[in-house]
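The exercises below are meant to be worked with the sequence and the coordinates open side by side. Try each task before reading the solution beneath it.

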Amino acid sequence: MKNCKDLLEQKFIKRYDKMKLEVEAGLIFVDIELTTKEGERMIPITDGLYTMPQSPGEKPQLIGSRCLSCGEIYFPRKEKGLCVHCQQKNMEEVKLSRHGKIASFTVVMQPPAGGFYRGPVPYAYGYVDLPEGVRVETLFAGDLDALETDMDVELVVEKLYEDDEGNECATYKFKPVQK
Ligand SMILES: [Zn+2]
């Protein structure tokens, strides 16, 4: 029996690493919304990707790594602490900005082969650039038809699917900012 945590570790990020998309850059500042409902057993799809709000009003943030030697920032965080930019092992954990701009995206109309993706279809994924200079691979939430490159987006945490044990498996996404 598979649960969410197994899945992401094996497939989710690695799969996304293979994608190459065109890119544009930018910045933005917005607020965030958490879609967790009280009473749901909502667990992160994997540990260490983002902070889970512990109270209403608290907002999730992505967890990255910053190299204390050269300043390079990484997401997801570097578990082994090696900076591939300067080859030093001198990392600290940092919480990243909740706001960014869409660098690129694509909308997927059919479930991908391999069973690694268990969320709704169609879905959108792509890249978001954060103000601190890191590019984040992400799913998108909200109206997929409204997505555009360079659009201002905000971080949200949403249920992705329910696993075999009945857990609401949640992950981070970016969603267009309400104007
Ligand atoms: Zn470094």
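**Exercise 1.** In this predicted model, determine the strand order of the open sheet of three strands, and explain which strands stand at its edges.

*Solution.* Begin with the order, which is β4-β3-β5, with antiparallel pairing. Next consider the partners: β4 and β5 (91-95) each have a single partner strand, so one side of each is left without a neighbour in the sheet, and these two are therefore the edge strands. Finally, check the pairing of β3 with β4, which runs in the antiparallel sense over two bridges, and in which S65 stands opposite Y74 of β4.

**Exercise 2.** Locate L68, and decide whether L68 is buried, partly exposed or exposed.

*Solution.* First place the residue: L68 is found in the loop between β3 (63-67) and β4 (73-74). Then count its surroundings: L68 has 13 C-beta neighbours inside 10 Å, and because a residue is called buried at 20 or more and exposed at 12 or fewer, L68 counts as partly exposed. Lastly, look beyond its neighbours within four places in sequence, where L68 is in contact with N90, M91 and E92; the C-alpha atom of L68 also lies 8.8 Å from that of Q88, which is 20 residues away along the chain.

**Exercise 3.** Find the strands that pair with β6 (residues 99-108), and give the number of bridges for each.

*Solution.* One partner is β7 (residues 123-129), which runs antiparallel to β6 and is joined to it by seven bridges; within this pairing, V107 has A124 as its bridge partner. Another is β9 (residues 152-162), which pairs with β6 in the antiparallel sense over three bridges, with G100 standing opposite V153.

**Exercise 4.** Identify the residues that touch the most other members of the largest nonpolar core, and then the elements that build this core.

*Solution.* The core has 28 residues, and those touching the most other members are L62, V128, V136, F140 and Y172. The elements that give two or more residues to this core are β6, β7, β8 (135-140), β9 and β10 (168-176), and among these β9 gives the most, with five residues. Taking V136 as a worked case, and leaving aside its neighbours within four places in sequence, one finds contacts with L62, F75, G100, Y127, V128 and L130.

**Exercise 5.** Search the backbone for cis peptide bonds and for positive phi values in residues other than glycine.

*Solution.* The background to the search is that most residues other than glycine have a negative phi, and most peptide bonds are trans. A cis bond joins F75 and P76, with omega about -5 degrees, and P76 has its place in the loop between β4 and β5. Another cis bond joins V121 and P122, again with omega about -5 degrees, and P122 has its place in the loop between β6 and β7. Turning to phi, Q87 has a positive value near 70 degrees; Q87 lies in the loop between β4 and β5, and with 10 other C-beta atoms within 10 Å, Q87 is exposed. D150 has a positive phi of about 75 degrees and is found in the loop between β8 and β9.

**Exercise 6.** Establish where the pLDDT of the model calls for care.

*Solution.* Start from the whole chain, which averages a pLDDT of 80, with 77% of the residues scoring at least 70. Then examine residues 7-40, over which pLDDT stays under 50 and for which the model has 59 contacts beyond four places in sequence.

Key
Residues are numbered from 1 along each chain as its sequence is written. This is a predicted model: local features need pLDDT of at least 70, side-chain atom pairs count only at pLDDT 80 or more; totals for chains, interfaces and linings use all residues. Two strands pair if DSSP finds at least two bridges between them. Helices (H or I, at least four residues) and strands (E, at least two) are DSSP runs, numbered from the N terminus. Two residues are in contact if their C-beta atoms, placed from the backbone, lie within 7 Å. A nonpolar core is a set of buried Ala, Val, Leu, Ile, Met, Phe, Trp, Tyr and Cys residues joined through C-beta atoms within 7 Å. pLDDT is the predictor's confidence in each residue, from 0 to 100.
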